[in-house]
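Me: Got a minute to go through a model with me? I'll drop it in here.

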Amino acid sequence: MQRRKFLKGAALAGAGSIGVAASFPAPAIAQTMPEIRWRMASSFPKSLDTIFGAGEVVAKRVEAATGGKFQIRVFAGGEIVPGLQVLDAVQAGTVECGHTANYYYIGKDPTFAFDTAVPFGLNARQQNAWMYHGGGRQLMNEFFKDYNCHAIPAGNTGSQMGGWFRKEIKTVEDLNGLKFRIGGFAGQVLTKLGVVPQQIAGGDIYPSLEKGTIDAAEWVGPYDDEKLGFNKVAKYYYYPGWWEGGPQLSVMVNLEQWNKLPKEYQAVLEAACAEANVWMVAKYDALNPAALRKLIAGGTQLRAFPRPVMEASFNAAVELYAETSAKNPKFKKVFDSWVKFRDDEVMWWRVAENTFDNFMIAASQKKKAPAKKKG
């Protein structure tokens, strides 16, 4: 009976509008449910209210849905551990959970990248489809057991920009020797084209670009990039970020802590992460257009990567996938599932999604074009 009361209360708490945790009815928490206090280490600075904010969405929802019995305190990158050491802190039990992008940890194993994004991969909706209905979560959590972690999707930025460059990229040869801040597996792809990849946490990118330690940097998209001020030190803004079609963020939970968490609390945490997953991409989609207009008005030069650069990058990615699969059985197991799913999704997107999007783009531009004068 007490269990039913708890679940009924948690369901009521999750039924309201997204992102307004304080407005929910207080759940009927069973007296036997324990009080639990966790710490969540984020990889991101507080100034980035969307990518950092998703962790806060999780914490607020968990607290609201359990009547304050289960609380999670979120710490920005550097407050407990550096932004790129969140996984290590969760694995060791230094913190109970973390909010991060798992492609930061490909130095341990390139298989980590599939939990976030890999070059020429899935968009945000396709990533969710693979995770929730294509076996992605099962494959990744099987892999994460070796690192004493349990992962829950908890955010997505949507398709990202290609980054900020001090000079124009007109040919593949222009990439040779370029010191480029880029995360994940994409750095290894670009190495094949002569790029010198640098993995730098979000809060440290601006000074590196300003001082000339790096020649170019990618982060997320217009809303975050403007906040970080990259337009002040680099003129050219490239698209698309072919290495991040729909990068996912995850809440990583120490496996021992996850296993001893009451099933009711596990359900609440899963639901809170699912909300953050929707919340983050929706907020970026809402805020990026205005931020991009502002950047362009301020002098930013918007550029598309030349077709030869895109093709050379795609070919390098295919080559790297084959090489990595040949020597890493864990990678191959996930890749074989992922690549089949990706190819099926791309075929489907051609039929309806892409056709509709392309028509709307053309129709929107036609509507904006000045009418021709008669005579």
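Below we talk through the sheet, a helix packed on it, and the empty spaces.

Me: What should I know before reading residue numbers and values off this?
Reply: It's a predicted model, where local features need pLDDT of at least 70, side-chain atom pairs count only at pLDDT 80 or more, and totals for chains, interfaces and linings use all residues. Residues are numbered from 1 along each chain as its sequence is written, and side-chain values use heavy atoms, with hydrogens and water left out.

Me: OK, sheet then. What's the strand order?
Reply: The order is 2-1-3-10-4, an open sheet of 5 strands with mixed pairing. Strands here are DSSP runs of E, at least two residues, and helices are runs of H or I, at least four, numbered from the N terminus. Two strands pair if DSSP finds at least two bridges between them.

Me: And which strands stand at the edges?
Reply: Strand 2 (70-75) and strand 4 (149-156); each has a single partner strand, so one side of each has no neighbour in the sheet. From one strand to the next, the twist averages 25°.

Me: How do strand 3 and strand 10 pair, parallel or antiparallel?
Reply: Antiparallel, over 4 bridges, with strand 3 covering residues 97-100 and strand 10 covering 248-254. C97 has V253 of strand 10 as its bridge partner.

Me: What about helix 5, which strands does it lie across?
Reply: Helix 5 (residues 136-144) lies across strand 4 and strand 10, at about 135° to strand 4. Angles run from 0 to 180 degrees between N-to-C directions, using axes fitted to C-alpha atoms.

Me: How many residues of helix 5 are buried?
Reply: 7 of its 9, so helix 5 is largely enclosed by the rest of the structure. Buried means under 20% relative accessible area with a 1.4 Å probe, protein chains only. Among the buried ones are R137, N141 and F144. Their cover includes helix 4, strand 4, strand 10, helix 10 and helix 12, going by contacts with heavy atoms within 4.5 Å.

Me: Switching topic: how much space lies in the largest pocket?
Reply: About 1,800 Å³. A pocket is an open set of points on a 1 Å grid over the protein atoms alone, with protein on both sides within 12 Å along at least five of seven lines, and lining residues have an atom within 4 Å of a point.

Me: Which residues are closest to its centre?
Reply: Of the 44 that line the largest pocket, N123, S159, Q160, P240 and G245. Elements giving two or more residues to that lining include helix 10 (263-297) and helix 12 (329-351).

Terms used: 1 Å grid on protein atoms, 1.4 Å probe; cavity = no way out; pocket = protein on both sides within 12 Å on 5 of 7 lines; lining within 4 Å. Points joined across faces, edges and corners; volume = space filled by probe spheres on them. Buried < 20%, exposed > 50% of the residue type's maximum accessible area, 1.4 Å probe, protein only.
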